[in-house]
Amino acid sequence: MRPRAGSKALIREINEALVLDVVRAHRPVARAKIVAETGLSPATVTGITARLLGAGLLAETDAVRSTGGRPARLLDLGTDAVLAAGVRVSDTDAYVVLVNLRGDVVASHQEPLTSTRPQDVGTTVARAVALASASRESATLIGVGVAVSGVVDQQGGVVRHSGSMGWENVPLQQQLTALMGTPVVLDSYVNALASGLLLFDDRLTGRNLMIFSVGASLGASVVVRGRIHRGFSGTAGGFAHSRVGLETGRPCHCGAEDCLETRASYWGIQREYERRGTKPGSLVGRDDDVVASAADSLGTAVANAAKMFGPERIVVAFTPEMNVPALTSRTEQVFRRQYAHGTTPPPALEIAVTGPSSHAAGAAYTVLAQMFTADSTSAADVTSAPGTVTAG
Ligand SMILES: [Zn+2]
């Protein structure tokens, strides 16, 4: 946790986060609405909004005339003063986006990787962020979110396992913080996606959800009452390496055999083609029993996970390379068949397609989220580290 300057500073930080969160949820908003929603006194709200306006975190709209009253200016989130960066690291490149407080992507940059050695990746990420930020020199970068495929211990800042990067226990957060001099938050691809959904879709606030990502690797995010459940050492949502059967001869990159990853990830499907002596490659136009078997495994695993956790909504996000109807439609059909039990209605299932920019933006939203919440215990803290805006 962050060192606290004292109880007065702490209360001010919490109150600022409360005010920002009301503006985020109701923007543009009148000061009176902030008073009503936060329970703070009008004088306190006036003081806080003045500080936040001064720091560029808030902006005033043009005056609007409310019925019968004098013209009032509403408050909205600022767009220029404060930005967060999000980086999606893959084995080929670092894809960076910059987002403003409203969540709009204002810049992006893709930087190829020379190798997957953590030191080289760190240097490339730092360069990519610097290049993306070059045109925005007047803005303050409040932090950098970094999404890596695999098992990520967000609290410890360590990538526990990443098959695509060939990493075990890489302390990437510490390394990147030292390189960039900016607070860094690590997360998995799928938790980064979940963070974005939770921050910008108010229908999901406080809900129980499961988000699955299906791409080069598989992932799952378990959201309990609006918060990502991380489990011991970041291992919650260990969907990729749940065992499907006892079949040997399907080695997984985690060291085990016959994980779901070996059947339903892009990586696993390619290995299965090789195993059968079929040429691996793009799934476009394929509708064979390898793809069908991937959908069967995936639909069944999603249904079993849903029965275990009881989410009211499920999102299955396919990367573009996996977005073929033979896979997506069949996964949905298998899910419905496998979930069916008694008269219990199934959770709402949404099939989505997400690319590198969704993971990168999600990583940036993990940083932004900490501006809007007084309780930051689910993530490394960024709001009081060097380079951040602290109003006042
Ligand atoms: Zn495995």
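Val-316 stands opposite Ile-351 in strand 17, and this pair is a good place to start reading the model, which is a predicted one. The two strands involved are strand 16, residues 313–318, and strand 17, residues 348–353; they run parallel and are joined by six bridges. To get from strand 16 to strand 17, the chain passes through helix 10, residues 325–339, and the resulting β-α-β crossover is right-handed.

Helix 10 also has a helical partner. Helix 9 covers residues 289–309, and its axis comes within 7 Å of that of helix 10, with a crossing angle of roughly 40°. At that angle, helix 9 is oblique to helix 10. The crossing of these two helices is right-handed. If you would like to look at the contact itself, helix 9 contributes residues including Val-291, Ala-295, Leu-298, Val-302 and Ala-306, while helix 10 contributes, among others, Leu-327, Val-334, Phe-335 and Tyr-339. Sorted by class, the contact of helix 9 with helix 10 has 13 nonpolar, five polar and three charged residues.

Now let us move to another part of the chain, where five strands form an open sheet in the order 7-6-5-8-12, with mixed pairing. Strand 7 (105–112) and strand 12 (184–188) are the edge strands, each pairing on one side only. From one strand to the next, the twist averages 20°. Within this sheet, strand 5 (residues 82–89) and strand 6 (residues 93–100) run antiparallel and are joined by seven bridges. One residue pair to find here is Arg-88 with its bridge partner in strand 6, Tyr-95.

Which strands does helix 4 touch as it packs on the sheet? Helix 4, residues 118–133, touches strand 5, strand 6, strand 7 and strand 8 (140–148), and its direction makes about 145° with that of strand 7. Helix 6, residues 189–200, packs on the sheet too, touching strand 8 and strand 12; the direction of helix 6 makes about 105° with that of strand 12.

Helix 4 can be followed further, to its contact with helix 5, residues 172–180. The axes of helix 4 and helix 5 come within 10 Å and cross at roughly 45°, an angle that makes helix 4 oblique to helix 5. Their crossing is right-handed. On the helix 4 side you will find Pro-118, Gly-122, Val-125, Ala-126 and Val-129, which meet Leu-172, Gln-175, Leu-176, Leu-179 and Met-180 in helix 5. By class, the contact of helix 4 with helix 5 consists of eight nonpolar, two polar and no charged residues.

Finally, turn back towards the start of the chain, to helix 1 (residues 7–26) and helix 3 (residues 42–54). Their axes come within 10 Å and cross at roughly 80°. Helix 1 and helix 3 are therefore roughly perpendicular to each other. Asn-15, Glu-16, Val-19 and Leu-20 make the contact from helix 1, and Thr-44, Val-45, Ile-48, Thr-49 and Leu-52 make it from helix 3. The contact of helix 1 with helix 3 divides into five nonpolar residues, three polar and one charged.

Methods:
Residues numbered from 1 in each chain as written. Predicted model: local features only at pLDDT ≥ 70, side-chain atom pairs only at ≥ 80, totals over all residues. Pairing = 2+ DSSP bridges. Helix = DSSP H or I, 4+ residues; strand = E, 2+ residues; numbered from the N terminus. Right-handed = clockwise from strand over helix to strand, strands pointing away. Axes fitted to C-alpha atoms, helices over the stretch in contact; angles between N-to-C directions. Parallel < 35°, antiparallel > 145°, perpendicular 65-115°, else oblique. Left-handed = near helix turned anticlockwise from the far one by under 90°. Contact = placed C-beta atoms within 7 Å. Nonpolar A, V, L, I, M, F, W, Y, C, P; charged D, E, K, R; others polar.
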